[in-house]
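I opened this notebook to record what I looked up, one place at a time. Each entry keeps to what I could read from the model.

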Amino acid sequence: MEKPFAITLDVGSSLANKTGTWRTYRPQYVDRLPPCNNACPAGENIQEWLFHAESGDYEQAWRALTANNPLPAVMGRVCYHPCETACNRGQLDESVGINSVERFLGDQAIKLGWKFTPPASSSGKQVLVVGAGPSGLSAAYHLARLGHQVTIQEAGPFAGGMMRFGIPKYRLPRDVLDAEVQRILDLGVVLQLNTKVENIEQSMKAGGFDAAFLAVGAHIAKRAYIPAADSARMLDAMQVLRGMEDEEKPMLGRRVVVYGGGNTALDVARTAKRLGATDAIIVYRRTREKMPAHDFEVEEALQEGIMIKWLSTIKNMSDEGTLTVEKMALDASGFPQPTGEFETLESDSLVLALGQDVDLSLLNGVPGLEIKDGVVQVGTNMMTGRAGIFAGGDMVPSERTVTVAIGHGKKAARNIDAWLRGETFAPAPKHALAEFDKLNTWYYDDAPKMVRPTLDLARRQSTFEEVVGGLDESTALFEARRCLSCGNCFECDNCYGVCPDNAVIKLGPGNRFEFNYDYCKGCGICRTECPCGAIVMVPETI
Amino acid sequence: MTATTIKFYQTGTHTVGNRLLDPEHRSVQADMRRTNSLNSGHRACQGCGEALGARYAIDAAMQATDNQLIAANATGCLEVFSTPYPETSWQIPWIHSLFGNTAAVATGIAAAMRVKGRSDVRVVAQGGDGGTTDIGFGCLSGMFERNDDVLYICYDNEAYMNTGVQRSSATPGAARTATTPAVGTAPGNVFGQGKNLPLIAMAHEIPYVATAIVSELRDLEAKVKRAMEIRGARYIHVFVPCPLGWGTNSWDTIHIARLAKETGVFPVFEAERDQIVSVSKIRKQLPVEDYLRPQRRFAHLFSPKPNTDAIAHIQALADRNIRRFGLVDPAADTAIAAPVATGNP
Ligand SMILES: Cc1ncc(C[n+]2csc(CCOP(=O)(O)OP(=O)(O)O)c2C)c(N)n1
Ligand code: SF4
Ligand SMILES: [Mg+2]
């Protein structure tokens, strides 16, 4: 070709110059484990479902959520949300209101009638689930979605377990619970109520079950020895809370004393108040700091006028209901010690809320089982010493919360599924944690946490209406968008924009990005400017 | 500058893109079809702020002009690293001028386009701080004074980087360069009278003057777009950190730029004629030390013993910027207005 004056070479593109050879470190996209997911006892992929909620795609969000937990409307009310305690945003302003968004999604699903997708095929296997509490329902749900035929045998007259007989209506309205239970049954799960399993081996044989999951919970109230006169009215927390589900509500009188310091003690006292007690007094042997009940529950109870006597034990109860209470003092190791100082307390009834034991009678005669401290021992796969019999929830060693129970149900279901196929379940390896220092928080806007409305005090003291309300669409969306997407690309385009070498390839919505290692010089700006810590620099092997 | 106020979308407009925003509200750089006017394979150092600033600005100008753009480029890093004959990284019509005459060359191109009746073709001139504030200053002032229809963009990395980090009239006081070594009683560059080119441009009363910074992409793009809506002489001064010349980490380029703005060292504003019309406020105010410390060109201010006088001097200059341009909003409420809960019960 004829070239202009003084030009000897054809014009070329700099693309011929592969600057990738300069690199000593290469950027790589990673997914890190967000602290919320890490903290969730039910193994929810919170960051993932928030991502869908942020786009306003609530159904997709709900489907991602329920892949791990079938009870979001319940969870969004009763979960103690360790996710929010762990949330990185807490170090910036306030944690993301994960629990309120979860509730919004759960309520939305009930309102719009969203259903679970039934399994594509049936395995032909039969699984018996004993107990229709959170753990049993969760296991039944996961097993059903994996294609197994599930039968739940429940001793009580309703499904729900502790969600019904342990959590008062003002925290969990029963229509919400019923709707979420029904949705699980709609998957083809058979629920047999008033069916107490007396002997697990026999029940399995009789029903032709290939495996069983036991989740009978812990509902035998622990008693403390308190000398009491014959006509003294002494009840236990389980009697009271279970009685609330009957037509005839328990008669507690005007002055109700509750003995204990857990959430159940608070639930009983708050229930007594709503039943018309003028005084509902909790007697607890240690201090507020040592109280196992959750802080917000103590707060709500105090607001409602519940009184709490700290550092006190009950010695005895007279015919007239007079309680003798001994003052305690904490010793150096933080244990309460008697002081020999006594006082009296008038009561119409005393309710013991001292924890619960497990009824293990159904396991009598099952070989290979190990029982320690009143609970059944299980392996990491949730299987008991007896092959094919798995257990979870309050009847195995664990923290006794609804969420933990739901997590057990899921874990057990996955292991049962593998076991039925003669395999062992191998959970996917966990990603490294997305700690706060992995984030570039410059990019996030300040945004206040949306708080849920609470019922006015007068109605809280006299009715069983739900105390905590829900977020509406706009506030729930706002709250979801407060999520920092810790450790997981949310397609903010920063890497694509900040690369001085145009070495990041944008793959389009939903497909994230790719590095063009032909030209990436390894400067690391993308890593520094990634808001959520989803890029790492790794040394090149030269 | 005027930016659309948007609802709270996780990162607002701080990030390059935002999947929750309408496409027309997203940045040019977020667009999969951006020009990439300065393409891969250029020979700029790792983490070059100038390469980044140039792509940001020219991609935005390309979008604003419907790709009808010609650029003249002064000698300097941007020219040398992009176009070692016969290769070039430019994906637009581009001409290399001399070191000192790029404003005049651009004026010529604009005149030629006028003669050809191609009013749709727009002209950009670009150069480094040396080519702009020193050797090209005469040509640039003439271009302003004649109000030639050119947008001049200066990429300010505060020294003659291409030839090995020599001092320019844009080099800050106390900075170490090859010609202002950190020796003697007043190490580094002298604190002179300063030569603030954006203010000098304003003194010419040209229609549009702005400063911008690589850490504020949306602001930079909006200014280029605005400049392209106007005819006549326009000037944008872009602050671009230079990892090699400043002794900063290649991965910190944007971070350093952000610190320059958050400390008040580099004021980001916009002017029409001789009036400032908008200011980009400091979001989280920081002391100048935070900006100086990570740069080896200021290392002698901190060891062997702290040079408190020099640091105080630089702080005083930043404070003056803050006062003069109103960079800090006393009543600033950075929190996003939240919707009011109307949920049950
Ligand atoms: C008339 C003239 N004098 C000197 C040079 C050598 N020279 C080339 S680039 C340059 C410095 C450029 O500095 P600046 O304009 O700040 O751009 P940077 O390289 O820093 O981006 C010099 C001195 C030249 N090309 N022409
Ligand atoms: S900010 Fe989002 S991803 Fe990070 S911990 Fe909180 S909820 Fe999880
Ligand atoms: Mg320069």
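The entries below go through a metal site, some helices and a few single residues.

**Entry 1: the metal site.** I began by noting that this is a predicted model. Which protein residues donate to the magnesium ion (ligand 3)? I found Asp129(B) through OD, Asn157(B) through OD1 and Ala159(B) through O, at 2.0 to 2.1 Å from the ion. Written as a sequence pattern, the spacing of these donor residues is D-x27-N-x1-A. Asp129(B) and Asn157(B) link distant parts of the chain, 28 residues apart, since I located Asp129(B) in helix 4 (residues 129–134) of chain B and Asn157(B) in the loop between strand 5 (151–156) and helix 6 (197–203) of chain B. I then checked burial, and both Asp129(B) and Asn157(B) are buried.

**Entry 2: a residue in the loop.** I next looked up Glu158(B), which lies in the loop between strand 5 and helix 6 of chain B. Is Glu158(B) buried or exposed? Its relative accessibility is 9%, and the limit for buried is under 20%, so Glu158(B) counts as buried. Setting aside neighbours within four places in sequence, I listed its contacts, among them Asp129(B), Ser168(B), Phe239(B), Trp246(B) and Arg297(B).

**Entry 3: helix 2 of chain A.** I turned to helix 2 (residues 46–54) of chain A and found that seven of its nine residues are buried, so this helix is largely enclosed by the rest of the structure. The buried residues are Ile46(A), Gln47(A), Trp49(A), Leu50(A), His52(A), Ala53(A) and Glu54(A). They pack against helix 1 (35–39), helix 3 (58–66), helix 5 (82–86), helix 6 (98–112) and helix 16 (473–480) of chain A. After helix 2 of chain A comes Gly56(A), with a positive phi near 80°.

I followed one of these partners further: helix 2 and helix 3 of chain A have axes 7 Å apart and pack at an angle of about 170°. An angle over 145 degrees counts as roughly antiparallel, so helix 2 of chain A is roughly antiparallel to helix 3 of chain A. On the helix 2 side I wrote down Glu48(A), Trp49(A), His52(A) and Ala53(A), which meet Tyr58(A), Gln60(A), Ala61(A), Ala64(A) and Leu65(A) of helix 3 of chain A. Sorted by class, this contact has six nonpolar, two polar and one charged residues.

**Entry 4: another helix pair.** How do helix 12 (residues 263–274) and helix 13 (residues 295–303) of chain A lie to each other? Their axes come within 10 Å and cross at roughly 20°, which makes helix 12 of chain A roughly parallel to helix 13 of chain A. The crossing is left-handed. Asn263(A), Leu266(A), Asp267(A) and Arg270(A) of helix 12 of chain A make the contact with Glu297(A), Val298(A), Glu300(A) and Ala301(A) of helix 13 of chain A. I counted by class three nonpolar, one polar and four charged residues here.

**Entry 5: two single residues.** Gln29(B) sits in the segment before helix 1 (49–64) of chain B, and I noted it as buried, with a relative accessible area of 0%. Not counting residues up to four places away in sequence, Gln29(B) touches residues including Tyr496(A) and Gly497(A) as well as Arg34(B), Tyr56(B) and Glu221(B).

Ile389(A) lies in strand 19 (residues 389–391) of chain A and counts as buried at 1% relative accessibility. Beyond its neighbours within four places in sequence, Ile389(A) contacts residues including Ile200(A), Met204(A), Leu214(A) and Val366(A).

Notes
Residues are numbered from 1 along each chain as its sequence is written. Chains are lettered from A and ligands numbered from 1 in the order in which they are written. This is a predicted model: local features need pLDDT of at least 70, side-chain atom pairs count only at pLDDT 80 or more; totals for chains, interfaces and linings use all residues. Side-chain values use heavy atoms; hydrogens and water are left out. Donors are N, O and S atoms within 2.8 Å of the metal (3.2 Å for Na, K and Ca); water is not among the atoms, so sites may look incomplete. Helices (H or I, at least four residues) and strands (E, at least two) are DSSP runs, numbered from the N terminus. Buried means under 20% relative accessible area, exposed over 50%, partly exposed in between (1.4 Å probe, protein chains only). Axes are lines fitted to C-alpha atoms, for helices over the stretch in contact, and angles run from 0 to 180 degrees between N-to-C directions. Angles under 35 degrees count as roughly parallel, over 145 as roughly antiparallel, 65 to 115 as roughly perpendicular and the rest as oblique. A crossing is left-handed if the near helix is turned anticlockwise from the far one by less than a right angle, and right-handed if clockwise. Contact means heavy atoms within 4.5 Å. Ala, Val, Leu, Ile, Met, Phe, Trp, Tyr, Cys and Pro count as nonpolar, Asp, Glu, Lys and Arg as charged, and the others, Gly among them, as polar.
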